[in-house]
Amino acid sequence: MATVRNKKKKRIIIAVIVLVIAAVVSAVIAYAAIRNSIPEVSLYSVGTSDIYETVSATGKVSSGAVKEYKVNAVATVKDVHVKVGDEVKKGDLLATFDTSGFNAQIAQLQKSYDQAKAGYNDALASQKEAKKNLADVQKKVAELEKENKKLKKSVGTTKTTKAPSTTRPSTTRPSTTRPSTTNPSTTQPSSAANNNPSVSLTLPSNLPSDLPSNRPSNLPSNLPSDIPTSNISGNIPIDPDVIAGIDINDMDAVMAAVSSSESKLAANELMLAAYYAQEQMYSSLASDTLVASKKELMNTTKSALNSLQEAQQEMSAGWRAAFDGTITECNIFPEEQTSLLAKGITLQNMNNKVVTISLGEYDIHKVKVDMPVKVTTAYGEYTGKVISKAPVASGGSASSIMDSVGSSMGISGLSSLTQAGAGVEVQIAVDNPDEFIIIGFDAEVEIAVGEHHGITTVPSQAMVLDKTGSYVFVYNEEEKTVTKTLIETGASSVSEYEVLSGVKAGDKIVLAPQSTYEDSFEARVKEDA
């Protein structure tokens, strides 16, 4: 019996041991699986270093001094005294021209300019007069509108006959607004008045004397001659048969308007209709549109005249060398006419060499005249300096985008590598050039734009760039977590960026962060091998 019990006890112990081992193995496997699911990161400790900031670009080599003699008008070539490759001295005669044909062209352009100038002066005078007339009319309109407001208030409470009203046309051009054509009250004057052809029409004594006097032929002969009854200008939308809402062909309506107790108000409305028409006309004449077009025409013809006169003067004297140099182009020939589309003669000083580059918006502000430059060609390195910056940018907008992206990656001057070459032109003079720097070939330039010592920096490979800014992933040693953090950068080189805010020296950041990282996550540090 003892033997049987011992065997059972041993079996139980073995089973427990097996279960414990299985549990331990499962726990180890589970822990390993959990650990493997946590991203492993390599860390970099933020510190300080020196940055030597540069701007790099590719440019084309040219001579230090270039003079292009261009043909600005059609003329006949007399003699050409040089050919490509000739060495000339300052003041040497290069070519002569027959410019007698210019006289007729200049006379015609002078006539066109005189006419354009006269038209501009006439437009100015008309505009000045129109502004004065407009101010006078607007003053009269304001006075009449003020008076009519009082009259309407007084007669409106005591009379059942409503005085005609006038709608002011819009002064916005073009306009189709007419004065109101609402018929006045149908209340008629007494039959005695209607049947008596000798009824006297009494109008206010303050009617203006300068109202238009052109009247329709079918008006009654006994109406006062100074009542305006037609439009002021053919361009003003006033119906000549309807003034202040009164059909002037309707004798009863006219008589009712001018013989009633509201005659003064009716007469004022008639005058307002005429003044509104005048106001609209003068507003059109007082605008700047016509004056501006006349001025542009005058300036255009003047510019053409000046260019032709300058061309005649220059070509009559002949072309002379502006400095010592070499003729590199000659596209004119004796007894032939010049072409406006071709260059004439190109003179270059071959002893000096410059490299011209194009920089975008991000880089151009870093570059100053006299900054030192390293120039590299296929045959070696040379020193130089910045000698000029163009005052304006040229080309498309792609350059600034490319340079902004490139600079954020520590690469400058990307735009200069494109055919567009959009940006600001910068010229670099090469010190002690030799025959290995050939005009027309490309050269690499590196401009030293600043030195920064002992500044806080992060490596470019630790940064993540997107449209919202520059980021690094900061490691928290206590919580074992990584957090995406916005930083502000300053100076930069190909491999490093200055950090102005966001992290400080001693912080731990992740090297080579992955695009799949979340903004915050638990991480384990990769152990050094």
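1. Let's start with the hairpin: in this predicted model, strand 12 and strand 13 form one with two residues between them. Strand 12 covers residues 372-377 and strand 13 covers residues 380-389, and the two pair in the antiparallel sense over six bridges. If you want a spot to look at on screen, try threonine 376, which stands opposite glutamate 381 in strand 13.

2. Strand 13 also pairs with strand 14 (residues 424-430), again in the antiparallel sense, here over five bridges. Serine 388 is a handy marker for this pairing, as it stands opposite glutamine 427 in strand 14. While you are looking at these strands, keep in mind that side chains in a regular strand alternate between the two faces of the sheet.

3. Elsewhere there is an open sheet of three strands, in the order 4-6-9, with antiparallel pairing. Strand 4 (76-80) and strand 9 (319-320) stand at the edges; each has a single partner strand, so one side of each is left without a neighbour in the sheet. Strand 6 (residues 93-98) is joined to strand 9 by two bridges. Within that pair, alanine 95 stands opposite tryptophan 319 of strand 9.

4. Now the charged contacts, where the count comes to 10 salt bridges. One of them joins the side chains of glutamate 40 and arginine 524, at 3.2 Å from N to O. This pair links distant parts of the chain: glutamate 40 lies in strand 1 (residues 40-41) and arginine 524 in strand 22 (residues 524-525), 484 residues apart.

5. How covered are these two partners, buried or partly exposed? Glutamate 40 counts as partly exposed because its relative accessibility is 39%, which lies between the cut-offs of 20% and 50%. Arginine 524 has a relative accessibility of 17%, so the residue counts as buried, being under 20%.

6. Another salt bridge is found between lysine 70 and glutamate 68, with the closest N and O atoms 3.7 Å apart. Lysine 70 has a relative accessibility of 47% and therefore counts as partly exposed. Glutamate 68 is partly exposed as well, with a relative accessible area of 30%.

7. Lysine 83 and aspartate 86 also meet through their side chains in a salt bridge, at 3.3 Å from N to O. Lysine 83 is exposed, because its relative accessible area of 54% is over the 50% cut-off. There is a network to look at too: Glu53, Asp363 and Lys366 are linked by salt bridges.

8. On the helical side, helix 5 (residues 263-285) is worth a look. Its 23 residues reach 34 Å from the first C-alpha to the last, close to the 33 Å expected at 1.5 Å a residue. Helix 5 is also mostly covered, with 20 of its 23 residues buried.

9. My last point concerns the surface. Which residues form a nonpolar patch there? They are Ile12, Val16, Val20 and Val24, which together have about 350 Å² of accessible area. Valine 20 is found in helix 1 (residues 2-37). Valine 20 counts as partly exposed because its relative accessibility is 46%, between 20% and 50%.

Technical notes. Residues numbered from 1 in each chain as written. Predicted model: local features only at pLDDT ≥ 70, side-chain atom pairs only at ≥ 80, totals over all residues. Heavy atoms only, no water. Helix = DSSP H or I, 4+ residues; strand = E, 2+ residues; numbered from the N terminus. Expected span 1.5 Å × (residues − 1). Buried < 20%, exposed > 50% of the residue type's maximum accessible area, 1.4 Å probe, protein only. Patch = residues over 30% accessible without salt bridge, like charges linked within 9 Å, V, L, I, M, F, W, Y side chains within 5 Å. Areas by Shrake-Rupley, 256 points an atom, 1.4 Å probe, with all protein chains shown as cover. Salt bridge = Lys/Arg side-chain N within 4 Å of Asp/Glu carboxyl O. Pairing = 2+ DSSP bridges.
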